[in-house]
Amino acid sequence: MKNRMNELVERLNRYAKEYYELDRPSISDAEYDQLYRELVALEEAQPDAVLPNSPTHRVGGKILSGFEKYQHEYPLFSLQDAFSREELESFDARVRKEFPQATYICELKIDGLSISLTYENGHLVVGATRGDGSVGENITENLKRVQGIPLTLTRPETITVRGECYMPRASFARVNQQRQEAGESEFANPRNAAAGTLRQLDTGVVASRGLATFLYQVASPTTTDSQSHVLQHLDDLGFVTNHEYHFAQSMDDVWNFIEKIAAMREELPYDIDGVVIKVNDLAMQEELGFTVKAPRWAVAYKFPAEEKQAEILSVDWTVGRTGVVTPTANLSPVQLAGTTVSRATLHNVDYIAEKDIRIGDTVIVYKAGDIIPAVLRVVQDKRTDQEVMEIPQFCPSCGSQLLHYEDEVALRCINPICSAQIMSRLEHFASRDAMNIAGLGTSIVEKLFTAGLVKDVADIYRLEEADLLTVEGFQKKSAEKLYQAIQTSKGNSAERLLFGLGIRHVGSKASKILLEKFSNLENLAQAEMDEIASIDGLGQVIAKSLTTFFSSAGAQQLLVELKEAEVNLAYLGQVAVEGTILSGKTVVLTGKLERLKRSDAKAKLESLGANVAGSVSKKTDIVVAGTDAGSKLTKAQELGIEIQDEAWLESL
């Protein structure tokens, strides 16, 4: 019986691959169904012998109660976008400054959802969404219903891989036809359909919709030496990879490939929105490293967005938390990239002047990055007698005079007690990625501010339940719930608090890096600009913004008030070991390491107390130079900095 089950599983999986991936079925549907029913009967008779790669796992029927959060062992970074050849040339120049002989691999940018798959001894154990890059959702049961994802690899490897889950155009047409016949609303585009499918709690729905995948990355440590070998390795393990890739020696090669793909884009059986260009050599990738948000060794060229004509009916001016006043056009509704658009950003007053945009104009509207509707240009042939747009001189919120600095493109309200700015800062502070105070959204913030209960973030922690009950709309239960959410937020790790303060240029990832280094906000507030700027992935802009903020009397008083309110100011994650041989030392890695992986070397140095920085400065204590070390080694020699080699690293 076991032998027959093994045979049926092997045959049925092969037939499924022929049908779903190769489009070359070798048996009829009736023959497949007969063999499948035989396997089901055998598994029912001997449930303990069901194989982990049995095709019966593909069938829906399980109803899920929800999705658990999943902490990625290896973070997922987003890619830097490029929208022109000039931006690609700039990327190439940055790469060739370090590696003049670098070559590229160009891959299609699939318009789907990023997924992460983890296998132990060759068996799928976790499938998760990207989420924010650090924490996603565990959707393993749903991903098991995607035919192209192997339940068992061809070899018993333990590995984490990354890729894109998408809905092929044929599946999209079929699903929408079924929804139309059932009287249900149709999906706007294949990406929305794929997202909605993977969020289903009924695995039967997932199994029926015909999702597919392309895998393109090994996230866990790998012995391969290039991205092209990574793709071959994924092929060998049984994953589906996209073979429409191209090797390029130069940006001319890259651009020719982009133009070729753009011309055949509509002929593909799936949606793409660009081409991803990666440095092919993995050792070079590791040397180039990452910024806070994206790898320095890759860029995503985005195809020009769909464009439509619309009329500007009016313009709203809104004040953000930094005082920037942003213009937004109200438009005659237009269908754009699968959605109805009636508002679009005008960016800033300089943009309005440069494009000579006027109320009543017919304009070209597009979605910047396929996400944010924006006005591209005026259709001059349709202009009649529209007057030049009147730019506000006073803040639409507080009435203060607006400033337009020479070195800025934005109008700015500098009134520190501008109500719109205060409310926007409070809302940001309570948002999910910051202090995550559930229930403290826009409308509640406005009510609390109007009632005079909160004027800065420290006031949030002075609120009592009795205060909330004086506000319109609050009942005992809702007051208790918000009060408890506020109290709970006091225990957050300090990187959430730092991000919540809304310091210019300091995002959530930079906040985490900073708190990992300085342990708590009080230490960070005393840090020197050079000390911050030397941290890998940060730099002078973030360093200046932080030191300027913390040097103000208002920021110092705010820290005192937060501490008095018992808000946690310390980083609760892993902190560098104190008192070790490299404690307090700043170390820079450069060149190619022959025997150690750069990530392993960095982790070891940090475990010994070192701060591993990305650039060489007077604050650098040691530079570890591998082979083909470039400008960083030269600068270290000029500054007289201690230089070590890979053997020194190994001796640690």
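In the hairpin of strand 12 and strand 13, four residues sit between the strands, and Gly323 takes a positive phi near 90 degrees. The two strands, residues 307–319 and residues 324–336, pair in the antiparallel sense over seven bridges; strands here are DSSP E runs of at least two residues, helices are H or I runs of at least four, and both are numbered from the N terminus. Pairing itself asks for at least two DSSP bridges between two strands. Within this hairpin, Ser314 stands opposite Asn330 in strand 13.

The model is predicted, with local features needing pLDDT of at least 70 and side-chain atom pairs counting only at pLDDT 80 or more, while totals for chains, interfaces and linings use all residues. Residues are numbered from 1 along each chain as its sequence is written, and side-chain values use heavy atoms, with hydrogens and water left out.

Strand 13 has further partners. With strand 14 (residues 339–345) strand 13 shares six bridges, again in the antiparallel sense, and Val334 faces Val341 across that pairing. Strand 17 (residues 411–412) also pairs antiparallel with strand 13, over two bridges; here Val324 has Arg412 as its bridge partner.

Elsewhere, four strands make up an open sheet in the order 5-4-7-8, with antiparallel pairing. Its edges are strand 5 (123–129) and strand 8 (212–218), each of which pairs on one side only. From one strand to the next, the twist averages 30 degrees. Strand 7 (residues 159–166) and strand 8 run antiparallel and are joined by six bridges, and Glu164 stands opposite Phe214 in strand 8.

Helix 8 (residues 227–237) packs on this sheet, touching strand 7 and strand 8, and its direction makes about 130 degrees with that of strand 8. For such angles, axes are lines fitted to C-alpha atoms, for helices over the stretch in contact, and values run from 0 to 180 degrees between N-to-C directions. The buried residues of helix 8 are Gln227, Ser228, Val230, Leu231, His233, Leu234 and Leu237, buried being under 20% relative accessible area, exposed over 50% and partly exposed in between (1.4 Å probe, protein chains only). Their cover includes strand 3 (104–110), strand 7, strand 8, strand 9 (246–248), strand 10 (272–279) and helix 10 (282–288), a contact being heavy atoms within 4.5 Å. Just after helix 8 comes Gly238, with a positive phi of about 105 degrees.

Then there is helix 16 (residues 476–489), whose 14 residues reach 20 Å from first C-alpha to last, close to the 20 Å expected at 1.5 Å a residue; the expected span is 1.5 Å times one less than the number of residues. Ala479, Leu482, Ala485, Ile486 and Ser489 are its buried residues. Seen down the axis of helix 16, they fall within an arc of 130 degrees, so they line one face of the helix, the arc being that of the directions from the helix axis to the C-beta atoms. They pack against helix 13 (442–450), helix 14 (457–460) and helix 15 (465–469). On the other side of helix 16, Lys476, Lys477 and Lys481 are exposed.

Zooming out, the chain has 25 helices and 21 strands. Its C-alpha trace spans about 80 × 70 × 60 Å along the principal axes. The radius of gyration is 28 Å, which agrees with the value near 26 Å for a compact globule of 652 residues; the radius is taken over C-alpha atoms, and the globule rule is 2.2 Å times the number of residues to the power 0.38. Buried residues make up 47% of the 652 residues.
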